[in-house]
Amino acid sequence: MLSRNFKVTLIESNPIWGDVKANIEQLHRHLLNVPEDTDLVVLPELFSTGFMTGDKEAASTVAERISGDTITLLHRLAAERHIAFAGSFLASTASRLYNRAFFIEPNGDDVFYDKHHLFNPGGENEVFTAGTTTAPIIRYRGINFKLIVCYDLRFPVFCRNNKCEYDVLLVVANWPLARIHAWRTLLTARAIENQCYVCGVNRCGTTPDGLDHGEGTSVVLDYRGKVIGERMGSPVITADLSPASLQAFRDKFPAWRDADSFTIG
């Protein structure tokens with residue numbers, strides 16, 4: 001485990017619709033403002049393309065495999081900067097498309113997760129195939145992370161922190177401004193009920209079809225649901241997470257011990 005606090009940086013970007021190259025260039029610009037001692041950079045859902053639903057053919061033209069340019073680049077950046085990257089991208093496997101989350105470590109280790117709860121009201125199920133596994137828990141620099149994607153946040157059983165299996169919930173999203181009260185409320189609820197830090201990174205700006213995502217909706221919450229990191233002008237948001245403080249809180253108020261046991265079928 002780190003002898004210091006763990007530093008996480010969220011990048012609240014405005015993805016350029018269907019333009020992987022332009023979004024990678026945007027990432028490079030944002031990385032100039034990421035503190036050198038950052039341990040983890042978290043990017044929004046489908047950061048390299050935008051939330052391309054409604055046109056599967058168009059989405060297919062920019063979808064990539066795990067061995068494609070985007071993931072290859074993130075591996076290189078992680079190794080060069082000695083930091084991890086998390087987010088999701090538009091993935092292609094055989095004839096299917098997935099909203100695929102990733103966690104890429106500096107040593108080359110990586111974990112992928114296909115979004116389980118597709119946002120059917122927005123037509124996501126017409127383009128993507130739903131993942132069939134539970135959200136992964138990743139151990140990195142002595143801390144356990146659970147990685148979920150956007151709509152997953154609405155399902156507390158799916159996010160439940162059984163016996164404090166994880167310390168930080170990472171939520172990568174494209175959550176519209178019209179439902180931003182739900183976004184902030186659910187993030188806060190997940191932090192309090194799971195006695196964990198929550199990092200919710202949302203995209204900003206407006207999509208070509210006019211869906212507004214606002215600005216300044218990304219946030220880092222502590223285990224009490226208190227805001228410890230938010231946008232203050234720059235889309236690059238950094239916060240310190242204290243594993244020692246989290247453990248002390250869980251020891252002092254061990255509500256997790258009284259949680260109901262269950263399994264997800």
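This is a short tour of a predicted model, stop by stop, with a selection to make at each one.

**Stop 1: strand S9**

Select residues 197-202. This is strand S9, and 6 of its 6 residues are buried. Now show the side chains. Tyr 197, Cys 199 and Val 201 point one way from S9. Val 198, Gly 200 and Asn 202 point the other way. In a regular strand the side chains alternate between the two faces of the sheet.

**Stop 2: the neighbours of S9**

Strands of a sheet pair through backbone hydrogen bonds, either parallel or antiparallel. S9 lets you look at both kinds of pairing.

Add residues 168-173, strand S8. S8 and S9 run parallel, joined by 6 bridges. To find the register, pick Val 172: its bridge partner in S9 is Val 201. Then trace the chain from S8 to S9. The path goes through helix H5, residues 180-194, and this β-α-β crossover is right-handed.

Next, add residues 219-221, strand S10. Here the pairing with S9 is antiparallel, with 3 bridges. Pick Val 198 in S9 and you will find Leu 221 as its bridge partner in S10.

**Stop 3: the loop after S9**

Select Thr 207. Thr 207 sits in the loop between S9 and S10. Is Thr 207 buried or exposed? Its relative accessible area is 8%, under the 20% cut-off, so Thr 207 counts as buried.

Show what lies around Thr 207. Leaving aside residues up to four places away in sequence, Thr 207 touches Trp 17 and His 213. The side chain of Thr 207 also makes a polar contact with the side chain of Asp 209, at 2.2 Å. Now add Pro 15. Pro 15 and Thr 207 are 192 residues apart along the chain, yet their C-alpha atoms are separated by 8.5 Å.

**Stop 4: the six-stranded sheet**

Move to the open sheet of 6 strands. Color the strands in the order S5-S4-S3-S2-S1-S12; the pairing is mixed. Which strands stand at the edges? They are S5 (110-114) and S12 (236-241). Each has a single partner strand, so one side of each has no neighbour in the sheet. Turn the view to follow the twist, which averages 30 degrees from one strand to the next.

Zoom in on S3 (residues 84-93) and S4 (residues 96-104). They pair in the antiparallel sense over 9 bridges. Ser 88 stands opposite Ala 101 in S4. Now show helix H3, residues 69-81. H3 packs on the sheet and touches S3, S4 and S5. The direction of H3 makes about 5 degrees with that of S4.

**Stop 5: aromatic rings**

A pair of aromatic rings is described by the distance of the centres and the angle of the planes. The structure holds 12 aromatic pairs.

Select Phe 6 and Phe 145. Their ring centres are 5.3 Å apart and their planes lie at 50 degrees, so this pair is tilted. Phe 6 belongs to strand S1 (residues 6-11) and Phe 145 to strand S7 (residues 143-149), 139 residues apart. Both Phe 6 and Phe 145 are buried. Add Phe 103 and Tyr 140 to see the cluster that ring pairs form with Phe 6 and Phe 145.

Finish with Phe 249 and Phe 253. This aromatic pair is tilted as well, with 6.2 Å from centre to centre and 40 degrees between the planes. Phe 249 counts as buried at 16% relative accessibility. Phe 253 is exposed, at 51%.

Technical notes:
Residues numbered from 1 in each chain as written. Predicted model: local features only at pLDDT ≥ 70, side-chain atom pairs only at ≥ 80, totals over all residues. Heavy atoms only, no water. Buried < 20%, exposed > 50% of the residue type's maximum accessible area, 1.4 Å probe, protein only. Helix = DSSP H or I, 4+ residues; strand = E, 2+ residues; numbered from the N terminus. Pairing = 2+ DSSP bridges. Right-handed = clockwise from strand over helix to strand, strands pointing away. Axes fitted to C-alpha atoms, helices over the stretch in contact; angles between N-to-C directions. Contact = heavy atoms within 4.5 Å. Phe/Tyr/Trp six-rings, centres within 6.5 Å; stacked < 30°, edge-to-face > 60°. Polar contact = N/O pair within 3.5 Å; in protein donor to acceptor, adjacent residues only side chain to side chain.
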